[in-house]
Amino acid sequence: MHEDFAFGFDGATGSVHVECVVNNDPDAVGTLPHAAGFPVCTATVEYPRRGYRSMLGWVQLVRSTDNASGGAAFEMDPFALFGDAPSPYCWYGTQPTLFDAPSRPMRAPMCWVAHSFLATTRLEEVMRGSARWVEPLTGFAWGFEIRDERIELFPVAPLTGADWDAHLPVLAESYPFWRFRQAQFT
């Protein structure tokens with residue numbers, strides 16, 4: 001499954017290319033053998049700005065029937081490598097690539113949905129001593145369901161600014177030292 005999404009930021013237009021495919025080679029993507037059949041999602045960014053003007057990041061929330069709410073609510077999907085660094089971004093840098101390959105050791109019935117948002121924190125605001133604001137630019141949903149031990153990938157679907165805004169309470173609660181702007185994209 002492949003999808004492309006356009007976004008605008010700082011007077012320029014960029015694009016996100018999303019590819020969510022079945023994990024047919026767990027070793028090649030650094031996952032354990034039981035990850036075979038689960039999704040591998042990669043989202044790459046093309047943006048004409050360079051250097052500090054191209055600093056962007058990915059914020060991802062997940063709703064899963066095996067999370068703390070039993071699938072009733074979205075929760076932050078932290079990157080374990082940075083578990084002790086309180087940042088809402090799971091990937092950040094110049095034209096960052098989002099990569100995720102969720103799996104479970106057992107194939108029990110479950111539904112797993114991610115909301116992945118490309119966002120930015122304007123470095124010039126931080127350098128002036130302002131709060132660290134996260135500004136969303138675009139987003140997409142993806143995920144999978146397990147039924148009868150079979151894994152079915154969901155199609156990649158665009159998210160709206162209203163989807164981001166619905167996550168503002170959990171973002172603010174999870175990262176009290178950050179600020180989150182309402183979305184300006186539709």
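Visitor: What percentage of the 186 residues of the chain count as buried?
Guide: You're looking at a predicted model: local features need pLDDT of at least 70, side-chain atom pairs count only at pLDDT 80 or more, and totals for chains, interfaces and linings use all residues. Residues are numbered from 1 along each chain as its sequence is written, and side-chain values use heavy atoms, with hydrogens and water left out. Buried means under 20% relative accessible area, exposed over 50%, and partly exposed in between (1.4 Å probe, protein chains only). On that scale, the buried share of the 186 residues is 42%.

Visitor: How many helices and strands are there in the chain?
Guide: Both are DSSP runs numbered from the N terminus: helices are H or I with at least four residues, strands are E with at least two. Reading from the N terminus, the elements go β-β-β-β-β-β-β-β-α-β-β-α-α-β. The tally is 3 helices and 11 strands.

Visitor: What is the radius of gyration of the chain?
Guide: The radius of gyration is taken over C-alpha atoms, and the globule rule is 2.2 Å times the number of residues to the power 0.38. For 186 residues that rule gives 16 Å, and the chain is close to it, so it is as compact as a globular protein of that length. Along the principal axes, its C-alpha atoms fill a box of roughly 55 × 30 × 30 Å. The radius of gyration itself is 16 Å.

Visitor: How many of the 15 residues of strand β9 are buried?
Guide: Have a look at what flanks β9, counting two strands as paired if DSSP finds at least two bridges between them. Strand β8 (residues 110-120) pairs with β9 in the antiparallel sense over 11 bridges, and strand β10 (residues 150-158) does so over 7 bridges. A parallel link to strand β11 (residues 179-180) adds 2 bridges. β9 (residues 133-147) is mostly covered, and its buried residues number 12.

Visitor: Which residue takes a positive phi in the hairpin of β9 and β10?
Guide: Follow the pairing towards the turn: F144 has L153 in β10 as its bridge partner. The hairpin leaves 2 residues between the strands, and the positive phi, near 50 degrees, belongs to D148.

Visitor: Is L137 buried or exposed?
Guide: L137 sits in strand β9. Contact means heavy atoms within 4.5 Å, and beyond its neighbours within four places in sequence L137 is in contact with F7, G8, F9, L56, L118, A119, T120 and F185. Its relative accessible area is 6%, so L137 is buried.

Visitor: Which residue of β9 forms a salt bridge with R181?
Guide: A salt bridge here is a side-chain nitrogen of Lys or Arg within 4 Å of a carboxyl oxygen of Asp or Glu. The N to O distance in this one is 3.7 Å, and the β9 partner is E135.

Visitor: Why does that pair tie together parts that are 46 residues apart in sequence?
Guide: It comes down to where the two partners sit. R181 lies in the segment after β11, so its partner 46 residues away in sequence belongs to another element, namely E135 in strand β9.

Visitor: Which residues do salt bridges that share partners join into one network?
Guide: R181 also bridges to E125, with the closest N and O atoms 3.2 Å apart. Next, E124 pairs with R122 at 4.0 Å. The whole structure holds 9 salt bridges. The network takes in R122, E124, E125, E135 and R181.

Visitor: Which residues form a nonpolar patch on the surface?
Guide: Patches are made of residues with over 30% relative accessible area and no salt bridge, joining like charges within 9 Å and nonpolar side chains (Val, Leu, Ile, Met, Phe, Trp, Tyr) within 5 Å. Areas come from the Shrake-Rupley method with a 1.4 Å probe, and for residues only the protein chains shown count as cover. One member is in the loop between β3 (39-46) and β4 (55-64), namely Y52, which is exposed at 66% relative accessible area. Together the patch has about 390 Å² of accessible area, and its members are Y52, L123 and M127.
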